[in-house]
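Student: I would like to take a close look at one part of this structure, namely the charged side-chain pairs and the helices that carry them. Could you take me through it slowly, once I have it in front of me?

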Amino acid sequence: QNYGLASVHYRKALLQFDYTFADTEEEERQVDAVKLPCLLNLAACKCQQEDWDEVLTQCRLALEINPRAVKAYFRQGLAHLARDNFDLAKEALTSAYEIEPN
């Protein structure tokens, strides 16, 4: 599995949003509905590559779009855990659990 190549493709997709301007709230929701999975998938790729700074960045951006994005909290938790930031990991994973206990 080529996570590096997948990361490049997700980053290219995200670049398109720099040139996308929603005129209405509905268009903004549609843009976010496409952008959020790109951010989360890029974070997942970066987890596999152990690029923890990038994981945290993409998760932060995902949470700006959807503060209830469980995958973003989970991946943040993994990144903090990998860096031995146990308090931050616990905070992120607890947030994920509170949103989706199952």
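Student: By about how many helical turns are R29 and E26 separated in helix α2?

Tutor: The model is a predicted one, and in it R29 and E26 are separated by about one helical turn, because they lie three residues apart in helix α2. An α-helix has 3.6 residues a turn, so residues three or four places apart point the same way. The side chains of R29 and E26 meet in a salt bridge, with 3.0 Å from N to O. R29 has a relative accessibility of 49% and counts as partly exposed, and E26, with a relative accessible area of 40%, is partly exposed as well.

The next pair to consider is formed by D53 and R83, whose closest N and O atoms are 2.1 Å apart in a salt bridge. This pair links distant parts of the chain, since D53 belongs to helix α3 whereas R83 sits in the loop between α4 and α5, 30 residues apart. D53 counts as partly exposed at 48% relative accessibility, and R83 counts as partly exposed at 35%. To return to helix α2, salt bridges that share partners join E25, E26 and R29 into one network.

Helix α3 also contributes E54, which forms a salt bridge with R11, the closest N and O atoms being 3.0 Å apart. Here too the pair links distant parts of the chain, with E54 in helix α3 and R11 in helix α1 (residues 3-16), 43 residues apart. E54 is buried, because its relative accessible area of 18% falls under the 20% cut-off, whereas R11, at 35% relative accessibility, counts as partly exposed. The count for the model comes to six salt bridges, and the pairs described above are among them.

The loop that holds R83 lies between α4 and α5, and helix α4 itself covers residues 70-82. At 1.5 Å a residue its 13 residues should span 18 Å, and the end C-alpha atoms are 18 Å apart, so the expected and computed spans agree. The buried residues of α4 include V70, A72, Y73 and R75, together with Q76, G77, A79 and H80, and they pack against α2 (25-48), α3 (52-65) and α5 (86-99). Just after α4, D84 takes a positive phi of about 65 degrees.

Note on methods. Residues numbered from 1 in each chain as written. Predicted model: local features only at pLDDT ≥ 70, side-chain atom pairs only at ≥ 80, totals over all residues. Heavy atoms only, no water. Helix = DSSP H or I, 4+ residues; strand = E, 2+ residues; numbered from the N terminus. Expected span 1.5 Å × (residues − 1). Buried < 20%, exposed > 50% of the residue type's maximum accessible area, 1.4 Å probe, protein only. Contact = heavy atoms within 4.5 Å. Salt bridge = Lys/Arg side-chain N within 4 Å of Asp/Glu carboxyl O.
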